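Subject: Structure handover

Hello,

Here is the structure for your files. Please open it alongside this note; my findings follow below.

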Amino acid sequence: MKWIAFNPDWDAPSLDSLGQKTSVAVAPAPAPAPGREEIKVVVAEDDPISREVICSQLRAWGFAVLVTCDGGEAMEALRAQTQPVLAVLDWMMPGMDGLEVCRRVRASERLVYILLLTARSGKEQMIEGLQ
């Protein structure tokens, strides 16, 4: 197997749909106000590359990220929180999947905001995820 180097020129302007040069700058989020805690986000993703992309962006936005690799670890992290949190869950993970984490969180009646990530696109799967 031959590895191909990926070294994009991140500072080069990109082209919009009309071929005009554009540039996008993303500023980091400001620090939380004194006396306020950072918002905690539990990320459960078994793919290491996807996990790193998600966590890096959340940190850049100023969130405190709790990294987990599967649903079981995510449930442990969520149970340990005393404040409302956000959970970013992959649907398909080994062991307990993101859908089962959603069901257990709902049964616990704790305040957790959930984003369920999936590559599934069927109508039935969308309905299942929303239930």
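Five bridges join S3 to S4, and the two strands run parallel. Strands pair here if DSSP finds at least two bridges between them. Helices (H or I, at least four residues) and strands (E, at least two) are DSSP runs, numbered from the N terminus.

Two notes on the source. This is a predicted model, where local features need pLDDT of at least 70, side-chain atom pairs count only at pLDDT 80 or more, and totals for chains, interfaces and linings use all residues. Residues are numbered from 1 along each chain as its sequence is written, and side-chain values use heavy atoms, with hydrogens and water left out.

**Strand S3 and its partners**

The chain crosses from S3 through helix H1 (residues 48-60) to S4. This β-α-β crossover is right-handed: with the strands pointing away from the viewer, the path from the first strand over the helix to the second runs clockwise. Within the S3 and S4 pairing, Val-43 stands opposite Val-67 in S4.

S3 also pairs with strand S5 (residues 85-90). Four bridges join S3 to S5, and these strands run parallel too. Here Val-41 stands opposite Leu-86 in S5.

How many of the five residues of strand S3 are buried? Four of the five are, so S3 (residues 40-44) is largely enclosed by the rest of the structure. Buried means under 20% relative accessible area, exposed means over 50%, and partly exposed lies in between (1.4 Å probe, protein chains only).

**Thr-68**

Thr-68 sits in strand S4 (residues 64-68). Its relative accessible area is 4%, so Thr-68 is buried. A polar atom of its side chain lies 2.7 Å from the backbone oxygen of Val-43. For reference, a polar contact is a pair of N or O atoms within 3.5 Å; within protein, one must be able to donate a hydrogen and the other to accept it, and residues adjacent in sequence count only if both atoms are side-chain atoms.

Thr-68 has further neighbours, not counting residues up to four places away in sequence. Among them are Val-42, Val-43, Ala-44 and Glu-45. Arg-51, Glu-73, Ala-74 and Ala-77 are also touched by Thr-68. Contact means heavy atoms within 4.5 Å.

**Gly-71 and Trp-91**

Gly-71 belongs to helix H2 (residues 71-80). Its relative accessibility is 0%, so Gly-71 counts as buried. Gly-71 touches Met-93, Met-96 and Val-101, leaving aside residues up to four places away in sequence.

Trp-91 lies in the loop between S5 and H3. At 3% relative accessibility, Trp-91 counts as buried. Gly-71 and Trp-91 are 20 residues apart in sequence. Their C-alpha atoms are 9.2 Å apart in space. The C-alpha atoms of Trp-91 and Val-101 are separated by 9.1 Å, with the two positions ten residues apart along the chain as the spacing.

**Salt bridges in H3**

The structure holds two salt bridges. The term means a side-chain nitrogen of Lys or Arg within 4 Å of a carboxyl oxygen of Asp or Glu.

Which side chain meets Arg-103 in a salt bridge? Glu-100 does, at 3.6 Å, N to O. Both residues lie in helix H3 (residues 98-108), three residues apart, about one turn of the helix. Arg-103 has a relative accessible area of 45%, so Arg-103 is partly exposed. Glu-100 is partly exposed as well, because its relative accessible area is 25%.

Arg-104 forms a salt bridge with Glu-100 too, with the closest N and O atoms 3.0 Å apart. Arg-104 and Glu-100 are four residues apart in H3, again about one turn of the helix. Arg-104 counts as partly exposed, at 38% relative accessibility. Salt bridges that share partners join Glu-100, Arg-103 and Arg-104 into one network.

**The chain as a whole**

The protein chain has four helices and six strands. Read along the sequence, the pattern is β-β-β-α-β-α-β-α-β-α. Of its 131 residues, 25% count as buried. Among contacts between residues at least 6 apart in sequence, 63% join residues at least 24 apart.

The accessible surface comes to about 9700 Å². Carbon and sulfur atoms account for 57% of this surface. Accessible areas come from the Shrake-Rupley method with a 1.4 Å probe; for residues, only the protein chains shown count as cover.

Best regards
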